[in-house]
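Reader: I have a structure open here and would love to walk through it with you. Shall we start with the overall picture and then turn to the details?

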Amino acid sequence: QVQLVESGGGLVQAGGSLRLSCAASGRTLSQYSMGWFRGAPGKERELVAALDWTATSVYYPNSVKGRFTISRDTAKNTVYLQMNSLKPEDTAVYYCAAATGRPIVAGVDYWGQGTQVTVSS
């Protein structure tokens with residue numbers, strides 16, 4: 001019953017930065033575990049950031065650790081993904097995701113529509 005809408009994608013040169021936004025409506029995001037996934041052509045969708053519903057635990061794979069940051073603005077009911085030092089291999093469609101009653105790695109209950117991120121070399 002929560003709707004997720006991503007924005008902020010675009011074209012950026014390697015080494016640049018982007019901030020993706022995931023605006024939620026219908027429910028407060030404080031009730032959900034949140035995550036960002038990405039999917040590139042010919043590759044499985046992979047988790048790149050996760051935030052526990054309590055906002056006390058975060059996860060990043062080694063491929064993005066130190067470069068990506070997930071955060072939540074409770075007042076705006078929005079989750080962000082700050083991406084710095086972008087690399088061409090970060091090129092993908094990025095999806096916001098939410099799960100209720102379980103960690104995001106256990107399953108996704110709601111998906112956003114995705115936003116394209118393209119990093120040129």
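Author: Gladly! One definition to begin: strands are DSSP runs of E with at least two residues, numbered from the N terminus. With that in hand, this predicted model reads along the sequence as β-β-β-β-β-β-β-β-β-β-β.

Reader: How many helices and strands does the chain come to?

Author: The pattern along the sequence is made of β elements. The secondary structure therefore comes, by the DSSP runs, to zero helices and eleven strands.

Reader: Why is the chain as compact as a globular protein of its length?

Author: For 121 residues, the globule rule gives 14 Å. The radius of gyration of the chain is close to that value, so the chain is as compact as a globular protein of that length, at 13 Å.

Reader: Which cysteines form the disulfide?

Author: A search of the whole structure finds one disulfide. The sulfur atoms of the pair are 2.1 Å apart, and the link is left-handed, with -80 degrees about the S-S bond. The two partners are C22 and C96.

Reader: Which strands does this pair link, and how many residues apart are the two cysteines?

Author: The disulfide links distant parts of the chain. C22 lies in strand β3 (residues 18-25) and C96 in strand β9 (residues 92-99), so by the numbering of strands from the N terminus the link runs from β3 to β9, with the cysteines 74 residues apart.

Reader: Is C22 buried or exposed?

Author: Buried means under 20% relative accessible area. C22 has 0% relative accessibility, so C22 counts as buried.

Key: Residues are numbered from 1 along each chain as its sequence is written. This is a predicted model: local features need pLDDT of at least 70, side-chain atom pairs count only at pLDDT 80 or more; totals for chains, interfaces and linings use all residues. Side-chain values use heavy atoms; hydrogens and water are left out. Helices (H or I, at least four residues) and strands (E, at least two) are DSSP runs, numbered from the N terminus. The radius of gyration is taken over C-alpha atoms; the globule rule is 2.2 Å times the number of residues to the power 0.38. A disulfide is a pair of cysteine sulfur atoms within 2.5 Å. Buried means under 20% relative accessible area, exposed over 50%, partly exposed in between (1.4 Å probe, protein chains only).
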